[in-house]
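Me: I am new to this structure. Please take me through one part of it closely, and show how that part sits among its surroundings.

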Amino acid sequence: MANEEDDPIIQEIDVFLARSLLEKLYLFQYPIRPASMTYDDVTHLSAKIKPKQQKVELEMAIDTLNPNYCRSKGEQIALNVDGTCTDETSTYSSKLMDKQTFCSSQAASNVSRYAAAVYKKGELHLTPLHGILQLRPSFTYLDKADAKHREREAANEGGDSSQDEAEDDVKQITVRFSRPETEQARQRRVQSYEFLQKRQAEEHWVHLHYYGLKDSRSEHERQYLFSQGHGLAENTELIKSPSEYLMMLMPPSIEEENEKPMAPSNVLSMAQLRTLPLADQIKILMKNVKVMPFANLLGLLGSGTDPTAVLRCVQQVALLVQGNWVVKSDVLYPKDTSSPHSGVPAEVLCRGRDFVMWKFTQDRWVVRKEVAAVTKLCPEDVKDFLEHMSVARINKGWEFMLPYDEDFVKKHPDIVQRQQMLWMGIQAKLEKVYNLLKEHLTPKKQEAQSAHPLLVSGEQRVNMAKAKVKQNYGQLEKEFQRQKAEMKSNDSSAKPDFANIRIKEEPESLEEPMDTSAHEGLNNGLVNGLHPAQGPLDPVNGHLPGGCIDRVAQELKAFVSSTFKKQFVLTLSELKRLFNLHLASLPPGHTLFSGISDKMLQDMVLDTGCKQILVPFPPQTAASPDELKVYALWEAGDTYDQHRQVLLEIFSKNYRVRRNVIQSQLSQECGEDLNKQEVDRVLKVSFCSLW
């Protein structure tokens with residue numbers, strides 16, 4: 001209280017925040033000038049700026065009549081710079097140093113705590129500064145003088161040695177070809193001082209017009225330093241609590257964090273890594289390690305990490321190969337990047353690396369020449385792919401670097417099944433892109449076994465077979481007891497369900513015997529690449545319970561209906577591909593994993609109101625049988641139903657039709673004249689998935 005009485009408040013000043021010159025106001029710090037030279041004596045001849053670098057260059061006139069100016073020194077400097085001749089390229093046209101150039105440098109990297117203040121009529125108006133630039137004299141004219149001096153010396157030496165020029169006409173030239181630049185070399189080059197200087201020099205100067213202190217334009221711009229409105233709505237930044245106001249006055253220093261040296265790109269700090277979200281941790285680890293078993297990944301993430309969350313995140317950045325996780329190609333080769341060896345875009349590199357990963361899902365050994373022949377990539381790129389996930393063996397090829405992780409496959413069958421679906425989709429894309437032959441699709445098991453007969457001894461094989469028999473026997477015994485208990489409890493309710501299903505199917509065909517292939521299709525060994533034993537539903541005496549069949553049929557019908565509402569015309573091959581992608585997006589244990597046969601899928605397509613279009617493809621076509629089966633939604637309930645039906649009838653007679661024929665047929669059948677744009681719209685809406 002005593003201190004407050006000794007230092008009373010004399011006046012309270014209102015503070016306002018001006019926004020008109022926000023991010024436009026710079027503070028220039030000029031060098032100290034002689035006392036005899038006032039600000040009015042200085043004349044700005046020109047000014048220019050590089051906005052990105054916040055670099056300013058000013059050219060100011062020097063008062064040569066000032067008594068503090070040394071005229072003899074000015075004449076000597078002009079003579080050294082320009083020489084005796086004067087032309088348009090001369091720096092000093094008056095043969096006297098009558099101007100000087102000032103270049104700027106940033107005085108502070110963080111100017112958020114600085115502002116320009118103007119006091120007027122009891123009010124203090126603050127405008128935040130966008131930059132503080134210190135102007136220093138530029139001595140580039142001395143470099144120009146040295147360059148001219150060297151030119152004169154070279155000219156004198158050239159005159160003395162002109163007699164020997166005839167003897168030196170023929171000279172041996174050594175030609176060198178630079179090697180392809182690696183990624184590490186490119187990063188070092190980008191971070192070099194020479195490269196940064198070149199980047200700064202590439203930015204063009206923006207010439208400015210200078211207005212004097214007493215100019216009317218300067219007076220107009222000076223008014224923007226005052227707040228345009230005194231309402232509280234425009235000064236909410238000044239309405240802060242005491243703690244927030246203190247934090248604004250003294251923000252925490254971040255200089256220590258900025259001064260920490262940057263670690264190399266291939267070095268990871270586990271302490272910093274564990275501060276990131278789990279998804280980012282897994283992405284960084286997989287990107288650096290490239291191939292890792294799931295147990296090792298959990299160990300690197302630390303104790304207490306949820307394995308389920310890790311499984312969910314690792315599937316976004318990696319694929320399962322032989323029970324181990326391999327980083328995805330698009331993580332290593334992001335979009336808009338290219339190969340450091342050949343300059344091939346990232347999309348082509350991803351396809352080539354996916355082919356190598358897919359080959360390792362078929363076999364433990366891959367031949368480099370075969371990969372290069374299929375992908376048509378340079379040897380350096382193919383070698384990079386193989387080094388990511390395999391080890392070279394002399395006279396044998398490239399072997400996958402990690403052993404088959406049988407423990408993970410047994411513990412997570414649902415993850416394995418979903419990954420198999422993803423690989424089926426990748427295989428379909430690779431077949432279209434690379435036109436793969438049968439020899440590329442079938443794994444070489446016999447060659448692999450004959451090439452490595454000593455890897456597994458006979459005793460080990462016997463022990464492995466015994467362990468597998470014991471395991472299978474225990475599983476079969478449990479399965480049998482469970483099915484037996486279900487049969488006893490549900491015997492009375494299951495029979496009426498099958499009878500009801502058969503009664504519903506009878507009206508569809510009165511002349512032919514009842515078709516039970518829908519039930520047989522659920523247990524036909526390998527169904528769409530999956531074995532029924534891997535699914536969540538277990539068959540009972542070759543059939544599924546009636547309630548399960550109804551659920552499967554409902555789910556399948558919903559998928560077919562939604563698919564044909566988006567794409568009105570589909571081939572069986574494209575429909576199966578979309579169905580496999582749909583299965584891969586479903587959660588583990590879904591009813592559709594019980595297995596869907598091709599016949600059941602085709603029957604469901606016909607039951608949802610679609611028709612098979614018998615397109616007369618030529619006999620010599622290279623399309624597969626599934627690509628020759630075309631199905632179309634006959635009535636979609638939109639305005640293009642009639643047009644679509646006419647188009648389907650046209651293509652049922654010929655697989656290739658001219659546009660003018662389609663236009664005339666549509667106009668004749670629909671009773672309206674359609675122009676070329678309308679015909680194109682009808683074709684695009686109806687056949688966007690095929691043509």
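## A helix and its surroundings

Reply: Gln322 counts as buried because its relative accessible area is 11%, under the 20% cut-off. The model is a predicted one, and Gln322 is a useful place to enter it. The residue sits in the loop that joins strand E11 (318-321) to strand E12 (324-327). Its phi is positive, about 55°, although Gln322 is not a glycine. Most residues other than glycine have a negative phi.

Asp336 can be set beside it. Asp336 also has a positive phi, about 65°, and is not a glycine. Its place is the loop between helix H13 (329-332) and H14. Asp336 counts as exposed, because its relative accessibility is 75%. Gln322, by contrast, is buried.

That loop leads to the part I will look at closely, helix H14. The helix covers residues 346-362, which makes 17 residues. At 1.5 Å a residue, H14 should span 24 Å, and its end C-alpha atoms lie 25 Å apart, so the two values agree.

How many of the residues of H14 are buried? The count is 12 of 17, so the rest of the structure largely encloses this helix. The buried residues begin with Ala346, Leu349 and Cys350, and continue with Gly352, Arg353, Asp354, Phe355, Val356, Met357, Trp358, Lys359 and Phe360. For the chain as a whole, 31% of the 691 residues count as buried.

An α-helix has 3.6 residues a turn, so residues three or four places apart point the same way. This is worth keeping in mind when reading the contact lists below.

One neighbour of H14 is helix H15 (residues 368-375). Two packed helices are described by the angle between their axes and the distance between the axes. For H14 and H15 the angle is about 140° and the axes are 10 Å apart. That angle makes H14 oblique to H15, because only angles over 145 degrees would count as roughly antiparallel. On the H14 side, the contact is made by Gly352, Phe355, Val356 and Lys359. On the H15 side, it is made by Glu370, Val371, Val374 and Thr375. The crossing of H14 and H15 is right-handed.

Another neighbour is helix H16 (residues 379-389). Here the packing angle is about 45°, with the axes 10 Å apart. H14 and H16 are therefore oblique to each other. H14 also passes H16 in a right-handed crossing. From H14, the residues that meet H16 are Leu349, Gly352, Arg353, Val356, Met357 and Phe360. From H16, they are Asp381, Phe385, Leu386, His388 and Met389.

Read together, the two lists share some residues. Gly352 and Val356 take part in the contact with H15, and Gly352 and Val356 also meet H16. Phe355 and Lys359 are among the residues that touch H15, whereas Leu349 and Met357 are among those that meet H16.

Cys350 in H14 deserves its own note. With a relative accessible area of 12%, Cys350 counts as buried. Cys610, elsewhere in the chain, is buried as well, with a relative accessible area of 5%. A disulfide is a covalent bond between the sulfur atoms of two cysteines. Searching the whole structure for such pairs gives 0 disulfides.

A second helix, H24 (residues 572-585), can be read in the same manner as H14. Its 14 residues should span 20 Å at 1.5 Å a residue, and its end C-alpha atoms are 20 Å apart, so again the values agree. The buried residues of H24 include Leu572, Leu575, Leu578, Phe579 and Leu583.

The chain also brings together residues that are separated in sequence. Glu406, in helix H17 (residues 406-411), and Gly323 are 83 residues apart in sequence, yet their C-alpha atoms are 6.6 Å apart. Glu406 is partly exposed, with a relative accessible area of 44%. Across the chain, among contacts with a separation of 6 or more, 67% come from residues 24 or more positions apart.

As background for all of this, the chain has 29 helices and 18 strands. H14, with 12 of its 17 residues buried, packs against H15 and against H16.

How values were computed:
Residues numbered from 1 in each chain as written. Predicted model: local features only at pLDDT ≥ 70, side-chain atom pairs only at ≥ 80, totals over all residues. Heavy atoms only, no water. Helix = DSSP H or I, 4+ residues; strand = E, 2+ residues; numbered from the N terminus. Expected span 1.5 Å × (residues − 1). Buried < 20%, exposed > 50% of the residue type's maximum accessible area, 1.4 Å probe, protein only. Disulfide = S-S within 2.5 Å. Axes fitted to C-alpha atoms, helices over the stretch in contact; angles between N-to-C directions. Parallel < 35°, antiparallel > 145°, perpendicular 65-115°, else oblique. Left-handed = near helix turned anticlockwise from the far one by under 90°. Contact = heavy atoms within 4.5 Å.
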